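Biologist: I'm new to this one. Could you show me the structure and let me ask about it piece by piece?

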Amino acid sequence: MSIAIQKTLSLLLLIGIGFFLKSKLSKEEHKKGLKIIILNIALPAIIFVALLKIDIQPDLLFLPVLALVFNLVMLGVSKYVLPLYGIDNDSPTMRTLMMLLPSLAPGLSCFPFLVEYLGDEALAMGALADIGNKVFVLILTYLLAMSWYYKANKSVNHSGNQKIKGLLLSMLNEPINMVMIVAIILLSFGFTLESLPLFLSEAIIQMKNLMTPLILIFIGVAAVLKWDQLKMIVALLSFRSGITFIISGLLVMLVPMPNEAAVLLAVVFPQSACSFWPYAHMSAVSGMEKLDKKAAHEETFDMGLGLNILAVSLPFSTLVILGVFSSGSYFANPYHILLGGATLMVLAAIPVVVQLVKKTHVSYELSEEESE
């Protein structure tokens, strides 16, 4: 058995342990506690160590821009392609999908596998790319949500400047971003991990080692499969994954990549799960609508759909990323990446085609009855 498959099985075993611990950690505060430890201790520590271990070149600063461009491209693709999948324009479902599908949450779904399969340098590049994604999920999706809210509720005063300032401050105060700023400052003065006092570097490394087991157990605990909506959500996530593979394949074909690790990073980073931040903005809008007596009859977002997408997105993205890494060098070939994307797009279209055939059959039967 290959080393890659054995590594994948060991990671899946940790996810399975989390799944069996679900009953022990059923309360929401238990899951929240795990997530707080991951996002505020383990993940910042592992990113700090990764950044201090490599020599960051100025040409890597294009990564945040590239990630932001990807978010915007996915937003445009969602707007024009989702109607082909039976989603009505200007509907709560459409707006919810346009908020969530272009967003990324690499901290919970991608970074653990980057460090396990590709090493610290790939993780550091992924962390830099995530800055652009953070701009999208923290600021641009908030502006988009508020724009839709004001469009539906024209009587509401447009006073969102204070909230935008708050979001910018929260972005700066987020532990991951604070750690990245500190690490970049230390690197600019020539410091490395070995330059730090031993007690400090050892403590950081110990916190870093918590990352992979904790996050995989969290995935197992947080996985929620609601079979009633599972088919539709999986089809939508397959569409998202397929489009993402195609974008990654075109990027690998057009942009020279220094090594295979960079190619795999370009493939798996955009496959990250949907971010929670757009859902938080949607929740804020939903709360405003409940308080506003003059709100439109139709809600701006479908909150139930959004929550279910988040619940399924994490295990879905985990399986896709594990599949890429477990395949060895297969996805280092851009044509294989494009083939994977096309396959997922076809699979995502099957439920829509089946539904269209059923509607056509019903319409044909009704016309036959009328003709008789």
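Modeller: Sure, and keep in mind that this is a predicted model. Let's begin inside a helix: K134 and D130 are four residues apart in α7 (residues 120–152), so about one helical turn separates them.

Biologist: How far apart are the closest N and O atoms of K134 and D130?

Modeller: The two residues sit four places apart in helix α7, so they are about one helical turn from each other. Their side chains form a salt bridge, which calls for a nitrogen and a carboxyl oxygen within 4 Å. Here the closest N and O atoms are separated by 3.4 Å.

Biologist: Are K134 and D130 buried or exposed?

Modeller: The cut-off for buried is under 20% relative accessible area, while exposed means over 50%. For this salt-bridged pair, the label on both K134 and D130 is buried.

Biologist: How many salt bridges does a search of the whole structure find?

Modeller: You've just met one, between K134 and D130. R95 and D90 also meet through their side chains in a salt bridge, at 2.8 Å from N to O. For the whole structure, the search comes back with two.

Biologist: What is the relative accessible area of R95, and is it buried or exposed?

Modeller: R95 is the partner of D90 in a salt bridge. Anything under 20% relative accessible area counts as buried. R95 comes in below that cut-off, so it is buried, at 8%.

Biologist: And D90, what is its phi?

Modeller: D90 is in the loop that runs between α3 (62–81) and α4. Most residues other than glycine have a negative phi. D90 is not a glycine, yet its phi is positive, at about 55°.

Biologist: Let's move on to helix packing. Which way does α14 run relative to α15, roughly parallel or roughly antiparallel?

Modeller: Helix α14 (residues 277–291) packs on α15 (residues 303–326) at about 160°, and the axes are 11 Å apart. Angles over 145 degrees count as roughly antiparallel. That makes the orientation of α14 to α15 roughly antiparallel.

Biologist: How many charged residues are in the contact of α14 with α15?

Modeller: On the α14 side the contact is made by Y279, M282, S283 and S286, and on the α15 side by M303, G306, L307 and L310. Sorted by class, five are nonpolar and three are polar, and the number of charged residues is none.

Biologist: Helix α4 also packs on α15, so what is the handedness of that crossing?

Modeller: Helix α4 (residues 92–100) meets α15 at an angle of about 35°, with 9 Å between the axes. The contact uses T93, T96, L97 and L100 from α4, along with L305, G306, I309 and L310 from α15. While the crossing of α14 and α15 is left-handed, that of α4 and α15 is right-handed.

Biologist: Q271 is in a loop, so is it buried or exposed?

Modeller: Q271 lies between α13 (260–268) and α14. Beyond its close sequence neighbours, Q271 has contacts that include R240, F245, S317 and I321. Its relative accessibility is 3%, against a cut-off of 20%, so Q271 is buried.

Biologist: Last one: how far apart in space are T212 and L43, C-alpha to C-alpha?

Modeller: T212 belongs to helix α11 (residues 211–222), and it is buried at 10% relative accessible area. Away from its sequence neighbours, it touches L11, P112, V115 and E116. T212 and L43 are 169 residues apart in sequence, but in space their C-alpha distance is 9.2 Å.

Key: Residues numbered from 1 in each chain as written. Predicted model: local features only at pLDDT ≥ 70, side-chain atom pairs only at ≥ 80, totals over all residues. Heavy atoms only, no water. Axes fitted to C-alpha atoms, helices over the stretch in contact; angles between N-to-C directions. Parallel < 35°, antiparallel > 145°, perpendicular 65-115°, else oblique. Left-handed = near helix turned anticlockwise from the far one by under 90°. Contact = heavy atoms within 4.5 Å. Nonpolar A, V, L, I, M, F, W, Y, C, P; charged D, E, K, R; others polar. Buried < 20%, exposed > 50% of the residue type's maximum accessible area, 1.4 Å probe, protein only.
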